[in-house]
Amino acid sequence: MLEVYHFVTPLSAESITSEKLIMSYFEEMKQFVSYKMIPIVTMQSVRDTYHELKSSAVKTNYATVANNLSQLVLDTKAIQSQGRKAARSFYLKMQEQLLANEPYSEKLVLSTIAELNLDKSLFLEDYHTAATLSSLRDDQNIAANMGINTYPTMVVYDSADNKYALQTTDFSSQGLANIFSSSVTQNTNNAALHLVSYEEGSN
């Protein structure tokens with residue numbers, strides 16, 4: 001079985017596009033995959049997102065961008081106890097609203113949870129718990145240990161090979177076809193596709 005780790009930056013146009021491309025590609029695949037989208041916030045991603053949004057129609061400032069990215073990642077992690085699909089739906093809906101200039105607020109979060117028929121009580125119970133914060137740190141550590149410093153990036157691990165994984169930043173149709181049709185043990189001439197140590201990266 002293939003395990004897919006998709007590292008993204010919240011509110012980044014390129015990350016959002018990659019999310020849509022991957023979902024579209026998965027719909028056409030006959031093979032089952034375990035998909036995990038991992039939103040990551042770093043000082044660089046905050047700066048990059050701020051400059052990107054500043055040049056768009058989104059009204060914002062640096063402090064607001066930093067807060068929105070961090071808060072969205074935390075809230076998404078709190079939703080994740082209700083399932084990856086639930087967390088992804090919440091994340092995507094919040095992105096859509098924030099990019100439409102909706103201010104980040106508790107009211108917006110709770111109304112989104114209600115709209116998506118998610119469990120508000122469970123969210124409030126999981127929010128800011130030690131387990132949620134620990135899971136959030138684990139995601140950041142996975143990205144760091146795998147050497148992920150460009151977003152979006154995808155890492156695909158085949159359970160038939162427990163040592164290596166393939167990593168790519170190419171989300172074109174051909175790029176996705178390359179990574180999902182390649183064995184992680186074979187060499188590739190694609191510059192955007194290379195082997196990484198899965199064992200080291202997943203500790």
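Here is a friendly conversation about a predicted model.

Biologist: Before we start, what should I know about the numbering and about how this model is read?

Modeller: Residues are numbered from 1 along each chain as its sequence is written, and side-chain values use heavy atoms, with hydrogens and water left out. This is a predicted model, where local features need pLDDT of at least 70, side-chain atom pairs count only at pLDDT 80 or more, and totals for chains, interfaces and linings use all residues.

Biologist: Which helix gives the largest share of the largest nonpolar core?

Modeller: A nonpolar core is a set of buried Ala, Val, Leu, Ile, Met, Phe, Trp, Tyr and Cys residues joined through side-chain atoms within 4.5 Å. Buried means under 20% relative accessible area, exposed over 50%, and partly exposed in between, using a 1.4 Å probe and protein chains only. The largest core has 43 residues, and Val4, Phe26, Ile79, Phe90, Met154 and Phe180 touch the most other members. Helices (H or I, at least four residues) and strands (E, at least two) are DSSP runs numbered from the N terminus, and the largest share of this core, seven residues, comes from residues 62–79, helix α3.

Biologist: Which residues is Phe180 in contact with, leaving aside its neighbours within four places in sequence?

Modeller: Contact means heavy atoms within 4.5 Å. Phe180 is among the core members that touch the most others. With those sequence neighbours set aside, its contacts are Leu2, Val4, Tyr25, Phe26, Met29, Met154 and Val156.

Biologist: In which sense do strands β1 and β2 pair?

Modeller: Two strands pair if DSSP finds at least two bridges between them. Strand β1 covers residues 2–8, and seven bridges link it to β2. One place to look is His6, which stands opposite Met37 in β2. The sense of the pairing is parallel.

Biologist: How many residues of strand β2 are buried?

Modeller: Take the two faces in turn: Val33, Tyr35, Met37 and Pro39 are buried on one side, and Ser34, Lys36 and Ile38 are buried on the other. Strand β2 spans residues 33–39. The buried count is seven of its seven residues.

Biologist: Over what arc do the buried residues of helix α2 lie?

Modeller: In α2, Ser45, Val46, Thr49, Tyr50 and Leu53 are buried. The arc is that of the directions from the helix axis to the C-beta atoms. These residues lie on the same side of α2, because their arc around the axis is only 135 degrees.

Biologist: And which residues are exposed on the other side of α2?

Modeller: What covers the buried residues of α2 includes α3. On the other side, the exposed residues are Met43, His51 and Lys54.

Biologist: Leu11 has a positive phi although it is not a glycine; is Leu11 buried or exposed?

Modeller: Leu11 lies in the loop between β1 and α1, and its phi is about 75 degrees. Its relative accessible area is 4%, so Leu11 is buried.

Biologist: Asn117 also has a positive phi; is Asn117 buried or exposed?

Modeller: Asn117 is in the loop between α5 (106–115) and α6 (120–126), with a phi of about 60 degrees. Its relative accessibility is 69%, so Asn117 counts as exposed.

Biologist: Which residue does a cis peptide bond join to Tyr151?

Modeller: The omega of this bond is about 5 degrees. The partner is found in the loop between α7 (130–145) and β3 (153–158). That partner is Pro152.
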